[in-house]
Amino acid sequence: MAARGLDELSFTTELVVSELVTNAVRYAGGPIGLRLIRGDVLVCEVNDPSNTQPRLRRARWSDEGGRGLFLIAQLTTRWGSRYTRSGKTIWTEQPLTAELGLLDLSL
């Protein structure tokens, strides 16, 4: 990320990648693919062999999990999924500039 001039996106990108890859390993098994694509925005794509689409939900205070996609929705400007021949791809978009990347994480 630093070599591409994206230092300020490193922390958020690490969180997004960690959550998406963990979900892919946990729920889909392998093989898993990861791509980061820099264009007008930073796109993160994680591919897995499952055809089950993710669901955004609000975890109850007593739930031990279920907050991952909610966090991803808060940390990115857009996210979604699409079917592929061999499973699905979950993707996210992050703005490249700080002005566009201001996020309100208040609950």
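Visitor: In what order do the elements of the protein chain run from the N terminus on?

Guide: Bear in mind that this is a predicted model. The protein chain has two helices and four strands. Read from the N terminus on, those elements run α-β-β-α-β-β.

Visitor: Okay, and in what order do the four strands sit in the sheet?

Guide: Start at the edges: strand 1 (33–38) and strand 3 (78–84) each pair on one side only. The sheet is open and its pairing is antiparallel, with the strands in the order 1-2-4-3.

Visitor: How much does the sheet twist from one strand to the next, on average?

Guide: We're still with the open, antiparallel sheet of four strands. From one strand to the next, its twist averages 20°.

Visitor: How many bridges join strand 2 to strand 4?

Guide: Strand 4 covers residues 87–95 and runs antiparallel to strand 2. One pairing to look for is Val43, whose bridge partner in strand 4 is Glu93. The number of bridges joining strand 2 to strand 4 is eight.

Visitor: And on the strand 3 side, which residue of strand 4 does Tyr83 stand opposite?

Guide: Strand 3 and strand 4 are joined by a hairpin through two residues. They run antiparallel, with seven bridges between them. Opposite Tyr83, in strand 4, you'll find Lys88.

Visitor: Let's turn to the helices. At what angle does helix 1 run to strand 2?

Guide: Helix 1 lies across three strands of the sheet: strand 1, strand 2 and strand 4. Its angle to strand 2 is about 15°.

Visitor: Are helix 1 and helix 2 roughly parallel or roughly antiparallel to each other?

Guide: The two pack with their axes 10 Å apart, at an angle of about 150°. The contact is made by Thr12, Leu15, Val16, Glu19 and Leu20 of helix 1 and by Gly68, Ile72 and Leu75 of helix 2. Angles over 145 degrees count as roughly antiparallel. Helix 1 and helix 2 are therefore roughly antiparallel.

Visitor: What about the handedness of the crossing, left or right?

Guide: Remember the packing angle of about 150° between helix 1 and helix 2. Where helix 1 passes helix 2, the crossing is left-handed.

Visitor: Which element gives the most residues to the largest nonpolar core?

Guide: That core has nine residues: Val16, Val17, Leu20, Ala24, Cys44, Val46, Leu69, Ile72 and Ile90. Helix 1 (10–28), strand 2 (41–48) and helix 2 (68–75) each supply at least two of them. The top contributor, with four residues, is helix 1.

Visitor: Now for Pro49: is it buried, exposed or partly exposed?

Guide: Pro49 lies in the loop between strand 2 and helix 2. Buried would need under 20% relative accessible area, and exposed over 50%. Because its relative accessibility is 33%, Pro49 counts as partly exposed.

Visitor: How far is the C-alpha atom of Pro49 from that of Gly87?

Guide: Leaving aside neighbours within four places in sequence, Pro49 is in contact with Ala28, Gly29, Gly30, Pro31, Ser86 and Gly87. Along the chain, Pro49 and Gly87 are 38 residues apart. Their C-alpha atoms, though, are separated by 4.0 Å.

Visitor: Last one: of the contacts with a separation of 6 or more, what share comes from residues 24 or more positions apart?

Guide: The pair we just met, Pro49 and Gly87, is 38 residues apart along the chain, and the two are in contact. Across the protein chain, the share of those contacts that comes from residues 24 or more positions apart is 51%.

Technical notes. Residues numbered from 1 in each chain as written. Predicted model: local features only at pLDDT ≥ 70, side-chain atom pairs only at ≥ 80, totals over all residues. Heavy atoms only, no water. Core = buried A, V, L, I, M, F, W, Y, C linked by side-chain atoms within 4.5 Å. Buried < 20%, exposed > 50% of the residue type's maximum accessible area, 1.4 Å probe, protein only. Pairing = 2+ DSSP bridges. Axes fitted to C-alpha atoms, helices over the stretch in contact; angles between N-to-C directions. Contact = heavy atoms within 4.5 Å. Parallel < 35°, antiparallel > 145°, perpendicular 65-115°, else oblique. Left-handed = near helix turned anticlockwise from the far one by under 90°.
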